[in-house]
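Hello,

Here is the structure I promised to pass on. Please have a look at it first, and then read my notes below.

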Amino acid sequence: MKVFAIRLHHYREWTETLGYDREWKIQKTQAKLSFFVNLLSSRIWAFPLVTRFDNLIIISDGVSNKGLSFLFNKLKKYSPVPLKGCLSFGDTLREAEENASRCVNELSPQEIWLEDYPDSKVVAVHADVDSFTEFTESTSIYTSFKRSMDVMIELQRRVYSMGGLLQYLGGDNFMMFLGENQIKNLLSEIPEGLKMGIGICNNPRCAVARSTEALTRIRESRDSRWKLVDV
Ligand SMILES: Nc1nc2c(ncn2[C@@H]2O[C@H](COP(=O)(O)OP(=O)(O)OP(=O)(O)O)[C@@H](O)[C@H]2O)c(=O)[nH]1
């Protein structure tokens, strides 16, 4: 499985050049970078995990090296600091991102490292909390946000132990990526009040779209806590 890691070089040093009245500038910069990494990833059929904003993970199975090079070179224009980028491989996405992170540590600013690796099928799991709108209206905005963070911690713990990766999507939505051999394990213990749409495809954007389609099918029938779409 393939992951392209992008490091914003000396990001902390850049933040410190902004003075104390800087947090709003940092948040604005991170939102802009998140906008462009999502737009550019969609163009090459990849999917980004913005993680901590100063280091990005691009799910890259089924994505061409030409496409990753395009994304990296375009993204440079929107970063306040030089970038470093490395594509690596692993038996799990967690192993692939650990390898890509070690690789990017060794690169010079603006350097990109790409190699030819075999592609695996992409498995995306769109998890969503039941009746979150009702919960929000009967409690409060922040109480519902705290609930989504509690759910994220539980899902993160489980999918990480299976070698998978998770991104919070906003609202009560979470996207997980993991190996096909872990689907049964994940479904064996779906936390109460959650549903999971699973999408399988040959690239990340397609797999995510199918996972959202599967989630919609659950809402339409309400006859199961999970559904899978792979065509
Ligand atoms: N990122 C993302 N956010 C979504 C999506 N659909 C809904 N949301 C957000 O999630 C919040 C809750 O939406 P839903 O999950 O559809 O509402 P719900 O009340 O939980 O309804 P059910 O899930 O059908 O039980 C919305 O206010 C949006 O902020 C999606 O596909 N992706």
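Helix H2, residues 23-43, is a good place to begin in this predicted model. Its 21 residues reach 30 Å from the first C-alpha to the last, close to the 30 Å expected at 1.5 Å a residue.

Which residues of H2 are buried? They are Ile 26, Thr 29, Gln 30, Leu 33, Ser 34, Phe 36, Val 37, Leu 40 and Ser 41. The spacing is worth a look on your screen. An α-helix has 3.6 residues a turn, so residues three or four places apart point the same way. As for partners, the buried residues of H2 pack against two helices, H1 (11-16) and H3 (65-75), and against strands E1 (2-8), E2 (47-49) and E3 (55-59).

After H2 comes Trp 45, with a positive phi near 65°. Please keep Trp 45 in mind, as the domain interface brings it back.

Now to the domains. The protein chain is divided into domain 1, residues 2-113, and domain 2, residues 122-229. Their C-alpha centres lie 24 Å apart. At the interface, 18 residues of domain 1 are in contact with 16 residues of domain 2. The two domains bury about 1,400 Å² between them, and 71% of that is on carbon and sulfur atoms. Which residues of domain 1 lose the most area to domain 2? They are Trp 45, Phe 47 and Arg 94, which together make up 43% of what that side buries. How many salt bridges does the rule find across this interface? The count is 0.

You may also like to hear about the cysteines. The structure holds 2 disulfides. If you number the bonded cysteines of the protein chain in sequence order, the pairing reads 1-2, 3-4.

One disulfide joins Cys 86 to Cys 103, with an S to S distance of 1.8 Å. Cys 86 lies in strand E4 (residues 83-89) and Cys 103 in helix H4 (residues 93-105), so this pair ties together parts that are 17 residues apart in sequence. The torsion about their S-S bond is about 95°, and the disulfide is therefore right-handed. Are these two cysteines buried or exposed? Cys 86 has a relative accessible area of 0% and is buried. Cys 103 is buried as well, because its relative accessible area of 17% falls under the 20% cut-off.

The other disulfide is formed by Cys 201 and Cys 206, whose sulfur atoms are 1.9 Å apart. Here the S-S torsion is about 80°, so this disulfide is right-handed too. Cys 201 is buried at 5% relative accessible area, and Cys 206 counts as buried at 14%.

One last residue to look up is Arg 12, which lies in helix H1. Is Arg 12 buried or exposed? Its relative accessible area is 53%, so Arg 12 is exposed, given that the cut-off for exposed is over 50%. Along the chain, Arg 12 and Val 81 are 69 residues apart, while their C-alpha atoms are separated by 9.9 Å.

If you want a short route through the model, start at H2 and its buried residues, go on to Trp 45 after the helix, and then follow Trp 45, Phe 47 and Arg 94 to domain 2. The pairs Cys 86 with Cys 103 and Cys 201 with Cys 206 can come after that.

Best wishes

Technical notes
Residues are numbered from 1 along each chain as its sequence is written. This is a predicted model: local features need pLDDT of at least 70, side-chain atom pairs count only at pLDDT 80 or more; totals for chains, interfaces and linings use all residues. Side-chain values use heavy atoms; hydrogens and water are left out. Helices (H or I, at least four residues) and strands (E, at least two) are DSSP runs, numbered from the N terminus. The expected span of a helix is 1.5 Å times one less than its number of residues. Buried means under 20% relative accessible area, exposed over 50%, partly exposed in between (1.4 Å probe, protein chains only). Contact means heavy atoms within 4.5 Å. A disulfide is a pair of cysteine sulfur atoms within 2.5 Å. Domain bounds come from an automatic or database domain assignment. Buried area is the accessible area (1.4 Å probe) that two parts lose on being put together, summed over both. A salt bridge is a side-chain nitrogen of Lys or Arg within 4 Å of a carboxyl oxygen of Asp or Glu.
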